[in-house]
Amino acid sequence: MPADPTPVPSRAGGDHRRPVAARLVAAGCALLLVGTAVCWVAARRPWGLSQLYFLVDFTDCAVYGTVAWLVLLRRGHPVAWLLAATGLGGGLSALSAQYVDLLAVRPGLPAPVLLTSARDWAWVPGMLSLITVVPWLVREGRLRVPARVAVAAGALVTAMIALFHLTWPGRPGHPSGAPFPVTAPGWAEFVIAGEPWLFRVVPLLGLVAAAGVLRRWRTGPPAERVGLGWLAVGTLLLAVSFAPLGFPADWARQVPDWLAPTAMLASQAFFPAAVLAVVLRQRLWGIEIAVRRTLVWFLLTFLLVAAYVVGVSLLDGLLPSSPAVPGVLVTALVAAGTQPARSRVQRGVDRLIHGEAVEPLGVVRGVGHRISASADPADVLDGVARSVTDLLRLGACAIEVDGPEPYAAHGSSAGPVGAPLVLPLRRGGIEIGRLVAWARAGERLDGRTRAALLDLVPLVASAASLAATGRALAASRTRLAEAREEERRKLRRDLHDGLGPALAGVALGLAAARNLLTVDPEAAGRLLDRLRDETDQRVEHVRDLARGLLPPVLGERGLAPALHELAQRYAGSGLAVQVTAEPLPLPEPVATAIYGIVSEAVRNVHRHAGATDCRVTVQRDDEGLTLRVGDGGRGIVPGTPAGIGMRSMRERAEGIGGVCVVAPGPDGGTTVTVRVPAARLSGDAAADQAGQPLAVVP
């Protein structure tokens with residue numbers, strides 16, 4: 001049965017890749033980074049608190065520009081545009097900060113207002129959107145009402161803060177340098193009063209967003225929960241790192257100046273990794289697997305920055321008299337732990353992207369557990385297909401089994417499917433089916449996944465053979481039960497409609513003869529003679545029924561004499577049965593089954609074929625036993641469903657490990673061919689087979 005699951009359309013519906021936009025974002029961020037570096041080198045400003053914030057913006061440009069480029073290559077999702085705004089805005093803000101420092105050294109350079117003021121407003125839309133809006137949008141499908149309200153609130157707060165930064169005129173005598181200052185009365189006071197509250201609302205909205213992601217992780221469908229824990233932690237880190245900017249003045253003095261930019265720097269390395277974790281684990285936007293190196297870099301950067309900041313802070317408190325020592329010690333420790341950390345992060349990311357394909361033995365264990373957990377052999381393949389799909393992060397998987405009882409099991413994920421990989425399943429050198437694997441849309445089956453599938457082929461082939469045997473056995477038992485019931489109904493009809501009325505007639509005749517004995521003895525004698533003839537006929541009819549079930553000659557003299565006796569019984573019916581069979585030493589179950597098949601086949605010829613002759617041939621060679629029953633009648637009309645008789649013949653053949661094929665004869669008519677392998681003709685093998693039907697694929 002061919003398995004061709006219909007590719008599922010992308011859940012975003014109509015959203016296509018934006019490669020041109022991706023290239024423009026990458027080029028823009030690269031130019032901003034280069035320009036910022038040039039200005040920083042030319043300005044030669046000493047390192048200080050402002051440089052830490054500059055480093056945050058510089059990191060935003062590098063990190064989010066890269067992530068936006070990767071996402072836009074596959075999808076023009078709103079998250080991709082917000083990430084692009086973060087990268088470009090951060091780069092412009094960093095360039096502005098360094099260009100202002102350069103103007104202090106070289107005042108003769110041009111000073112466009114949009115560039116010199118960008119350090120105050122360029123970072124706002126992207127950075128604040130990361131905290132308040134992006135966590136809600138990292139998903140597929142429409143947002144629910146609470147999420148829409150949260151997104152609208154985050155967008156409103158972000159827009160208000162950006163508006164304040166763009167239009168604040170500054171204090172009297174101290175212009176702000178904003179590109180679009182609003183000099184209307186009261187506007188400056190309104191900005192001074194309202195902006196601190198907006199900065200306090202931002203981390204609160206970030207906490208709400210983290211809680212929303214956490215709720216999706218706890219209550220959502222399993223396919224939509226993977227990776228959300230990382231996103232919740234990343235959102236929480238962003239919100240907490242931004243919180244010091246909204247503290248009141250007396251609170252802010254209690255917090256070290258370097259804490260806020262350092263926390264932002266560390267969180268900016270983790271948050272994009274969290275976004276990519278969700279996207280990759282859920283296959284949301286079809287991002288290519290090549291991003292795993294980028295993800296490794298993000299995570300490693302976060303770990304190293306966090307380790308350095310924490311280490312320096314702790315040692316600085318323990319060794320206040322030696323300011324150089326903490327940096328040297330922590331640098332040495334971080335350098336020593338870089339390679340082990342990279343190895344562990346690489347393994348974690350590989351497992352995140354490739355699933356259990358990273359460890360083929362883990363896949364084999366998972367599939368083996370699914371096989372052992374299936375109580376019904378018929379359900380084994382469905383469980384294996386689902387297990388392979390889940391463990392290897394496939395779009396879909398199908399296991400197709402050929403044979404008398406063809407079957408196909410399917411397992412599919414939530415996403416669409418791509419191009420298929422077809423692997424043959426073989427058992428004992430014979431192809432019994434296929435394993436078909438589909439990658440998800442926009443992806444390909446990489447080398448690790450292909451290798452894992454190849455390792456699974458023998459195990460899946462064994463499971464397919466087990467399932468096929470179980471299904472064939474169940475179907476065989478059902479057909480055997482139906483055949484036995486039909487034989488019982490036939491015997492009941494013969495007894496009820498034939499022998500029963502005849503015996504009732506004999507009883508009535510005997511009663512009539514008894515009444516005639518005193519009135520007309522001669523008539524009574526003639527009636528008794530007719531009753532004797534009728535009784536003899538019915539006795540012969542009972543013998544025919546008994547011989548049809550199991551003729552005595554079969555057990556006493558063997559198969560060949562029993563077949564010749566069967567041919568003689570049809571001699572007076574107009575059907576000439578020619579038997580070619582040598583005396584063969586056969587086990588009783590095999591001889592009984594062969595006789596039953598011949599008896600049913602000859603009966604079908606006599607009733608339905610319209611033939612005058614029938615040929616029965618039994619031969620034995622090194623490969624086994626071959627039976628052929630052929631006639632020159634009208635044949636079987638194509639499309640005619642198999643009746644009880646044909647099913648009974650096939651079941652008898654399967655019961656002794658053989659195969660029965662009913663097909664048109666070479667010269668017209670119909671030929672019934674039965675092949676029994678030599679291994680089933682020994683006494684022990686046949687005894688083992690008795691009562692245990694086995695379906696064998698021809």
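**A tour of paired strands, salt bridges and aromatic rings**

Select Q578 to begin: this residue stands opposite R615 in strand β8. The model is predicted, and for that reason local features need pLDDT of at least 70 and side-chain atom pairs count only at pLDDT 80 or more, while totals for chains, interfaces and linings use all residues. Residues are numbered from 1 along each chain as its sequence is written, and side-chain values use heavy atoms, with hydrogens and water left out.

**First stop: the strands around R615**

Select residues 576-581, which form strand β7, and residues 613-621, which form β8; the two run parallel and are joined by 6 bridges. Strands here are DSSP runs of E with at least two residues, helices are runs of H or I with at least four residues, and both are numbered from the N terminus. Two strands pair if DSSP finds at least two bridges between them.

Add helix α21 (residues 588-609) to the selection: together with β7 and β8, this helix makes a left-handed β-α-β unit. For orientation, a crossover is right-handed if, with the strands pointing away from the viewer, the path from the first strand over the helix to the second runs clockwise.

Next, select strand β9 (residues 624-631), which runs antiparallel to β8 and is joined to β8 by 8 bridges. β8 and β9 form a hairpin, with 2 residues between them. Which residue of β9 is the bridge partner of R615? The partner is G630.

Show the side chains of D613 and R615, which form a salt bridge with the closest N and O atoms 3.2 Å apart. A salt bridge is a side-chain nitrogen of Lys or Arg within 4 Å of a carboxyl oxygen of Asp or Glu. D613 has 24% relative accessibility and therefore counts as partly exposed; R615, at 37%, also counts as partly exposed. The cut-offs are under 20% relative accessible area for buried, over 50% for exposed and in between for partly exposed (1.4 Å probe, protein chains only).

**Second stop: the network at R434**

The structure holds 6 salt bridges. Select R434 and E400, whose closest N and O atoms are 2.8 Å apart in another such bridge. R434 lies in strand β6 (residues 430-440) and E400 in strand β3 (residues 396-401), so the pair ties together parts that are 34 residues apart in sequence. Are R434 and E400 buried or exposed? Both are buried.

Now add E431, which forms a salt bridge with R434 at 3.7 Å between the closest N and O atoms. E431 is partly exposed, at 40% relative accessibility. With D402 also selected, the view contains a network of salt bridges that links E400, D402, E431 and R434.

**Third stop: aromatic rings**

The structure holds 3 aromatic pairs. Select F164 and F190, an edge-to-face pair with 5.7 Å centre to centre and 90° between the planes. F164 lies in helix α8 (residues 145-167) and F190 in helix α9 (residues 187-219), so this pair ties together parts that are 26 residues apart in sequence. Add W187: the ring centres of W187 and F190 are 5.6 Å apart and the planes lie at 35°, so the pair is tilted. Rings of Phe, Tyr and Trp (its six-membered ring) pair if their centres lie within 6.5 Å; planes under 30 degrees apart count as stacked, over 60 as edge-to-face and the rest as tilted. F164, W187 and F190 form one aromatic cluster. Within the cluster, F164 is buried at 2% relative accessible area, whereas F190 is partly exposed at 43% relative accessibility.
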